[in-house]
Amino acid sequence: MEKTKWYFINSGPCSPSYNMALDEALLDWHSEGLIPPVIRFYEWNPATLSIGYFQTVEKEIDIEAVKRLGLGFVRRPTGGRGVLHEHELTYSVIVTESYPSMPATVTEAYRVISEGLLLGFQNLGLNAYFSVPNTDEQKENLKNPKSAVCFDAPSWYELVVEGKKVAGSAQTRQKGVILQHGAILLDLDEDKLIQTFKFASEEVRERVRKGLSQKAVSINKIISKPVTMEECKTAFKNGFADALEIELVEYNLTQEQKNYVKQLEVTRYANDKWNYKK
């Protein structure tokens, strides 16, 4: 039986505003039936702190530290908490809510999409598994995160190796389309990440910093031979193709599509009104 064809876009390193604009543009085009579902891989230039749609910059983010560290800064269209995008492969999945076998609930849709991540980690030889909170305390922690830092704790169906989070994802649904994107950590600079957030006190900052190494881990910390970006892309591309039982077709944007992304970038994701709005 012939497999369903999805587009595959490998964007490489892009600016933070372009990365978010392209993800939203793909959602728009898919909602209008102009393109099939999409798997996209991308990186960040410069290294960037992205924050969730609902986060409050003034309360949670140390913007002076972000600038001092030479980081980019952008607000995502998805929820979740702050992520330092530096030594990582970022993925996005764009697919209609009505796609065959796609569950209606956010949590279960996470599981289906994240099967691709699971197989990707396994392709790299890692014993990855899904995070499924099984105590009342763990479930309560998901509702009331202790800090603004994404990798401070795993959420439902995020990927865990040796009890530590190795990928963080966020999802939004607009115009009948699911956009899920997330970070696959090759390496993680915990000190740099912690510097970008505000804390009630230095004691709290230090506690979160120490706890981070117990709760999150990068691929190259737990694998015998360091993984290159290309090896990572191959492993996860194959993981998504196998998990979703799809054929991935390489796709390049048309000039008209590039112009649409640029317009979206300028009016929204490169605009302080959007990035600092809450």
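Biologist: How many residues of strand 11 (residues 177–185) are buried?
Modeller: 9 of the 9 are buried, so strand 11 is largely enclosed by the rest of the structure. Buried means under 20% relative accessible area, exposed over 50% and partly exposed in between, with a 1.4 Å probe and protein chains only. Strands (E, at least two residues) and helices (H or I, at least four) are DSSP runs, numbered from the N terminus.

Biologist: What should I know about the model itself?
Modeller: This is a predicted model, in which local features need pLDDT of at least 70 and side-chain atom pairs count only at pLDDT 80 or more, while totals for chains, interfaces and linings use all residues. Residues are numbered from 1 along each chain as its sequence is written, and side-chain values use heavy atoms, with hydrogens and water left out.

Biologist: Back to strand 11. Which residues point which way?
Modeller: Val177, Leu179, His181, Ala183 and Leu185 point one way, and Ile178, Gln180, Gly182 and Ile184 point the other way. All of them are buried.

Biologist: Which strand is joined to strand 11 by 9 bridges?
Modeller: Strand 6 (residues 88–96), running antiparallel to strand 11. Two strands count as paired if DSSP finds at least two bridges between them. Threonine 96 stands opposite valine 177, and valine 93 has glutamine 180 as its bridge partner.

Biologist: And which strand pairs with strand 11 over 8 bridges?
Modeller: Strand 10 (residues 167–174), also in the antiparallel sense. There, arginine 173 is the bridge partner of isoleucine 178. Strands 10 and 11 form a hairpin with 2 residues between them.

Biologist: What is odd about lysine 175?
Modeller: Lysine 175 has a positive phi of about 55 degrees although it is not a glycine. Lysine 175 sits in the turn of that hairpin and is exposed, with a relative accessible area of 57%.

Biologist: Where is serine 101?
Modeller: In the loop between strand 6 and helix 4 (106–123). Serine 101 has a positive phi too, of about 70 degrees, and is not a glycine. The residue is exposed, at 68% relative accessible area.

Biologist: How many residues of strand 6 are buried?
Modeller: 8 of the 9, so strand 6 is largely enclosed by the rest of the structure. Strand 2 (38–44) is joined to strand 6 by 5 bridges and runs antiparallel to it. Tyrosine 42 stands opposite threonine 90 in that pair.

Biologist: What comes in the loop after strand 2?
Modeller: Proline 46 lies in the loop between strand 2 and strand 3. The peptide bond from asparagine 45 to proline 46 is cis, with omega near 5 degrees.

Biologist: Which sheet is strand 3 in, then, and in what order do its strands run?
Modeller: An open sheet of 3 strands, in the order 4-3-5, with mixed pairing. Strand 4 (72–75) and strand 5 (83–85) stand at the edges with a single partner strand each, so one side of each has no neighbour in the sheet. From one strand to the next the twist averages 25 degrees. Strand 3 (residues 48–51) pairs with strand 5 in the antiparallel sense over 3 bridges, and threonine 48 stands opposite histidine 85.

Biologist: What packs on that sheet?
Modeller: Helix 1 (residues 16–31), touching strand 3 and strand 4. The direction of helix 1 makes about 25 degrees with that of strand 4. Axes are lines fitted to C-alpha atoms, for helices over the stretch in contact, and angles run from 0 to 180 degrees between N-to-C directions. Contact means heavy atoms within 4.5 Å.

Biologist: Different topic. Is isoleucine 246 buried or exposed?
Modeller: Buried, with a relative accessible area of 2%. Isoleucine 246 belongs to strand 12 (residues 246–250).

Biologist: What does isoleucine 246 touch?
Modeller: Lys3, Thr4, Trp6, Tyr99, Phe240 and Ala241, leaving out residues up to four places away in sequence.
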